[in-house]
Amino acid sequence: MGKSLVIVESPTKARTIEKYLPKGYVVRSSMGHVRDLPKSKSEIPKAYQDKPWAEISVNYENEFEPIYIISRGKKKVIDELKKELKDADELILATDEDREGESISWHLTEILKPKVPVRRMVFHEITPEAIQAALAETREIDENLVRAQETRRVLDRLVGYTVSPLLWKKIGGQLSAGRVQSAAVKLLVDRERERLRFRTGSFWDLRATLARQDIPFDARLHAVDGTRIATGKDFDEQTGRLKEGAKARLLDEAQARELARSLETAAWTVLEVKEKPETRRPAPPFITSTLQQEANRKLNLSARRTMQIAQDLYQRGFITYMRTDSPVLSDQAIRAARHWVESEYGKDFLSPKPRQFKPKAATNAQEAHEAIRPAGDRFKAPRETGLSGEELKLYELIWKRTVASQMADAKQTQITVRIEAANAEFRATGKRIDFPGFFRAYVEGSDDPDAALEDQEKPLPPLAAGDTVDLQSLEAVAHETKPPARYTEASLVRALEEKGIGRPSTYASILGTIIDRGYVRAERKALIPTLKAFAVTQLLEQHFPELVDLDFTRDMENVLDRIAAGEADWLPYLRDFYNGPTGLRTIASQREAEIDVQQARQIELPDLAPHEVRIGRFGAYAVVHLDDGNTVNVNLPDELSPDQLTPEFLRELAEQKASG
DNA sequence: CAGTGAGCGAGCTTCCGCTTGACTT
């Protein structure tokens, strides 16, 4: 009786699958990619070391052939696979069914050079039935998909290893640029620029505490003499003043206090009670990006920590695979979730029909896996797992989110009450939960700490038009408009995922990369780009605008999809991208001669003239212009955030330096 | 240690995406 060697990517998967396959099937894992381009000069094979393209390890002078080497640490894996293959009658490649997985299978055939028949097997569910079915329906390696992956790999190398050296020459060593990281840094820098341009606006309004039948409630001033009172939305972010043409009245402190005094003796009457019914649907089951966001919001875990815990839960059989971009639940998962809804919350809380979820159309989802959910066809309740601490909390989060996805919609009513007092109109808002539905199990978190919890009632006393209400207190309240919030790791991951930038396996490491390069600093949860990030982003915007365009990845993905479908050729695409008259190589070598180092190291910041901020050999410094016409250079500490750079602050630094 | 920010030469840095477990702090 012969033996079949089956290769998957993950050892955990290998163990599970082996149980579902007949005797004689040996399942081993590749541990991800096994070959790649050389990382540094020391890894380049001797035969290529003197080529002009050696460092990039892609022959752009000819047909963009990549030089592949066995990745560091994968020699043992390969030796083991070779050994197993020796006495096997066939090789079955069962890596993930996506671009990267197809490529791993192809690389394996290139390295193992099997003399036995090779079959490609794919499955999306790890159940005995799905595995059996997959075994019966094997195919060949999809060469077009492999070329699409190779094109992606080569393009990323061309970008990274062509632009980074230019940054070393013009700004400083150890810097880097890449399709993903440069887009992430651009997002952070753009947000910081918005904050720098932002001007605070201030306004006043009134808050009344009213009561009906001794039940108190709050109402806010809405209009005076029929004209709406200005709120934050009416302000121009650039000037801090009311937007031009805003049909709202701005109250200052004196006016607000005067109005409050005049209303103390007024009669307060309900004009209208408006009720608006609303339906809320549960969030889709977790994918990698949403798991990272929610674990950050609710458990205060970093993306990296979340993935460590999830990996552990996966390897111990508690959850399905944690790196996925598909929210799809298998039929068995839907049944298991609905079972828990019935037993924990009752039949009334089931959604009338099973809910299935599709990936967002805008993303580049490749759907090799299903959603992140409790494993198996009968989810273990959190209390049955024997888990504790962060592991229990994360499992519970996944369990609740999955179960909630099969629960009924929540029904609620938004209530708006208009109240008149002399020439002023006040408004009170309330919320009533008519049927909690999935709120019972799980409500998605918010990045805005001020946002009201979605599942919270906000009660109002019974009110009807014509009712009079009692004034208990009335006060003038000052408000200030706030600049757009800085990104957090969670909101950055969401932004990248929305743009299709990065993959489930890389979200957690993107932040690590840009922190290592000195492009960003985390203060509590806020991500603050450094002056270095400003300098690099400026240079890229000016000379390589397409690389920091947030649609760059999307455009690339469209081409890759066409390559995978056999509708487009990879070679002309790469040639055009790199070698053509407007190609990256051409532009980069032109710019190398043209870009002035002094100018590249100078950072454009609003409202700083005549002072200047530059990146020097030893970090950032400012050229401060003194009143006597002289200038003095002062160091800028690394932990300085761009919004602290004001002319006053720079003068202070200069004085400190003079006296200290 | 404080303070640097020029220019020459050497050699080095760098991308993204797939996986764990072996390292160190």
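Tutor: Before we start, a helix here is a DSSP run of H or I at least four residues long, and helices are numbered from the N terminus. Keep in mind, too, that this is a predicted model.

Student: Thanks! Which residue follows α12, with a positive phi?

Tutor: Look just past the end of helix α12, which covers residues 489–498. The residue to find there has a phi near 75 degrees, a positive value, and it is G500.

Student: How many of the 10 residues of α12 are buried?

Tutor: Buried means under 20% relative accessible area. The residues of α12 that pass this cut-off are E489, A490, S491, L492, V493, A495, L496 and E497. The helix is largely enclosed by the rest of the structure, because the number of buried residues is eight.

Student: Which strand do the buried residues of α12 pack against?

Tutor: Their neighbours include the helices α6 (181–197), α8 (288–299), α9 (303–315) and α13 (507–516). Besides these helices, the buried residues pack against a strand, β17 (526–529).

Student: On to the open sheet of four strands: which strands stand at its edges?

Tutor: The order is β2-β1-β7-β8, with parallel pairing. An edge strand has a single partner, so one side of it is left without a neighbour in the sheet; that describes β2 (25–29) and β8 (118–120).

Student: Which residue in β8 does I92 stand opposite?

Tutor: Strand β7 spans residues 90–93 and pairs with β8 in the parallel sense over three bridges. Across from I92, in β8, you will find R119.

Student: And at what angle does helix α2 run to β2?

Tutor: Helix α2 (residues 75–86) lies across β1 (4–8), β2 and β7. Angles are taken between N-to-C directions and run from 0 to 180 degrees. For α2 and β2 the angle is about 170 degrees.

Student: In the sheet β18-β19-β20, over how many bridges do β19 and β20 pair?

Tutor: This open sheet has antiparallel pairing. Its edge strands, β18 (612–616) and β20 (631–635), each pair on one side only. β19 (residues 619–625) and β20 pair in the antiparallel sense, and their bridges number five.

Student: Last one: in the lining of the second largest pocket, how many residues are charged?

Tutor: That pocket has a volume of about 800 Å³. Its lining holds 29 residues, with R220, T231, K233, T429 and K458 nearest the centre. Six of the lining residues are nonpolar and 11 are polar, while the charged ones number 12.

Key
Residues are numbered from 1 along each chain as its sequence is written. Chains are lettered from A and ligands numbered from 1 in the order in which they are written. This is a predicted model: local features need pLDDT of at least 70, side-chain atom pairs count only at pLDDT 80 or more; totals for chains, interfaces and linings use all residues. Side-chain values use heavy atoms; hydrogens and water are left out. On a 1 Å grid over the protein atoms alone, a cavity is a set of points where a 1.4 Å probe fits but cannot get out, and a pocket is an open set with protein on both sides within 12 Å along at least five of seven lines; lining residues have an atom within 4 Å of a point. Grid points are joined across faces, edges and corners, and a volume is the space filled by probe spheres set on the points. Ala, Val, Leu, Ile, Met, Phe, Trp, Tyr, Cys and Pro count as nonpolar, Asp, Glu, Lys and Arg as charged, and the others, Gly among them, as polar. Buried means under 20% relative accessible area, exposed over 50%, partly exposed in between (1.4 Å probe, protein chains only). Helices (H or I, at least four residues) and strands (E, at least two) are DSSP runs, numbered from the N terminus. Contact means heavy atoms within 4.5 Å. Two strands pair if DSSP finds at least two bridges between them.
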